[in-house]
Amino acid sequence: MADDTDIGEGSGKFPATRHSAVLAAQSPNLIERERGLSILVAAYWKPIYKYLRIRYREGNEEAKDLTQGFFALALEKEFFSAYDSQKGSFRTYLRTCLDRFVANQKKAALRQKRSPGAPVVPLDFEVAEGELARSEPAADRTMEQYFHDEFVRSLFALSVETLREECALRGKDLPFRIFERYELDRDPDERLTYERLAEELHIPVTQVTNFLAFARREFRRIVLEKLREITTNDREFRDEARSLLGVSE
Amino acid sequence: MRWLSDETVRHLKRVAEWPDLGETKYRPLEELGRGGMSTVYLAEDTVLGRRVALKVVSTAAARPEIVERMRSEARVIARLEHPGIVPVHDAGMLPDGRVFYAMKRVDGKRLDELSRKMSLPERLRVFQRICEAVAFAHAHGVVHRDLKPENVMIGPFGEVLVMDWGVAKVLAEGAGESFVSPTPEPSSCSTAAGTIIGTLAYMAPEQAEGSNGQVGTAADIYALGAVLHFLLTGRPPFDAGAAERRARGEARLAPVAPRRIDPEVPRPLEAIVLRAMAAEPSQRYATASEVAAEAARFLDGERVLAHREGLFERAGRHFSRYRTPILVVFAYLVARTILFFFARG
């Protein structure tokens, strides 16, 4: 079919595919590898840190060292270069690498392995620790599911942050405020309507719906863009998008 | 960077699915419902100033075959202009490639939710309307293939609408036949040979066996019998265990007779159910109109053709049907008899 559904594509309205951060992390060029890795770190460091804390019951300091050590070693040893998208998602590969890394590190002295330049991006472990305290993994979730859940949380949080920044840059603070109030800060028991929000903000209802539509559209675009960045090809991107946006009832 | 609770993450998944209708005349208002393949939104048609239901394929299901199914579903419904079939107003594609179609917003309840509150005659009248809509579809070469109470909506003014034509099959119009839906889902899946489409608890044996080439209007007749079974007993003809057995090769498993579940079910209605749900397609009613006519006969106190009634049953039916004139004649005769003896005395 000529016009098969393409998530985030189709009419060319969405920006062109960005160069995959996973492919960049596999590059023989150190600068390119660092660029790719910094994107991957931003998306994955929290899921990795929390995974280490929960699965391996590592202490706060040990988990920090392991997280930083993992990315530092990834940069140094280029172990993302062995990733083959035909064999599964990058997320699964990453977790396997992490498990292997932890097993190796338990035998070796971790701190000596750390590069002087690590981490690639500043990691706020205090924040991650605080989040961990607020949300215990559900008893019925496997560690694989937990890692996925934390990855989704991290990706969405990054996307919300990007949306906020982009809105601020474009002078669209009000659409972001509306998005924040309606989609993020809403109490589940609160019956917030467009009309009520319009009253709160002293603007017409149509403006609320238009701004909200704009912010939702932008949020979707950013999420898919980020997802595309951390996948290697169209197929993996689509699979990940389906897995990410498939809402379990 | 802000922390997002589990609830917010779940909500944001929905937000990320929110359709971008910026280049269309529709403005999405709220999510009405979500299925395995698509989400239905309440939207405003800004040109005509009316509210419509907008069915949008889900990102999670956005495979080419699902997109084609949605398109075909829209086309199938569009050709079925009948008061019992929800009309499609428009169809299109979102900028991100997802397909949608706009249909009449039905502000009603599903039959499975409402039927318990309805009297038997009310349920039968709804059933007749379902049969009429299905008969209309059959006359236009369309087999629904997933008839069940969950796919019937009752509007606020008693309108009966047969919904969800997503797995409908268009019978030959010239050479061969075309299928509307080739999509794997828990309840319905690909039309490739040997795979099952529809909902097992209401599905004809030939459909449950995956013999898609043999699935014709008789499969809908079977499902109509199953719907009537539900309307009489309050439960599907096959429970989860039996449906599972049917999926595992016992497709011809007979349904539990309605009177075994509820002895109060009138025998003629049970007979309609059992004839419609005959394992052999040739043993079933030939058309949905015949099923509707049988229900009408029962409501009118006439003899149901599928039921061989005994003498007492026939007498009882005649009494029920002609109760008033019989009682008048009886009262007259009693009065005459009393007067006769009074005059003699």
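Two residues are in contact if their C-beta atoms, placed from the backbone, lie within 7 Å. This is a predicted model, in which local features need pLDDT of at least 70 and side-chain atom pairs count only at pLDDT 80 or more, while totals for chains, interfaces and linings use all residues. Residues are numbered from 1 along each chain as its sequence is written, and chains are lettered from A in the order in which they are written.

Select helix H2 (residues 30–55) and helix H6 (residues 125–134) of chain A, the helices being DSSP runs (H or I, at least four residues) numbered from the N terminus. Their axes, lines fitted to C-alpha atoms over the stretch in contact, come within 10 Å and cross at roughly 55 degrees, on a scale from 0 to 180 degrees between N-to-C directions. That makes H2(A) oblique to H6(A), the class left once angles under 35 degrees (roughly parallel), over 145 (roughly antiparallel) and 65 to 115 (roughly perpendicular) are set aside. Here A:Lys46, A:Tyr49, A:Lys50 and A:Arg53 of H2(A) meet A:Phe125, A:Ala128 and A:Leu132 of H6(A).

Move next to chain B and select H10(B), residues 288–299. Its residues B:Ala288, B:Val291, B:Ala292, B:Glu294, B:Ala295 and B:Phe298 are buried (20 or more other C-beta atoms within 10 Å of their own). They lie on the same side of H10(B), because they cover an arc of only 155 degrees around the axis, taken from the directions to the C-beta atoms.

Add H4 (120–139), which is among the helices of chain B that cover these buried residues. H4(B) and H10(B) pack at about 160 degrees with axes 8 Å apart, and are therefore roughly antiparallel.

Methods:
Helices (H or I, at least four residues) and strands (E, at least two) are DSSP runs, numbered from the N terminus. The expected span of a helix is 1.5 Å times one less than its number of residues. A residue is buried if 20 or more other C-beta atoms lie within 10 Å of its own, exposed if 12 or fewer, and partly exposed in between; C-beta atoms are placed from the backbone.
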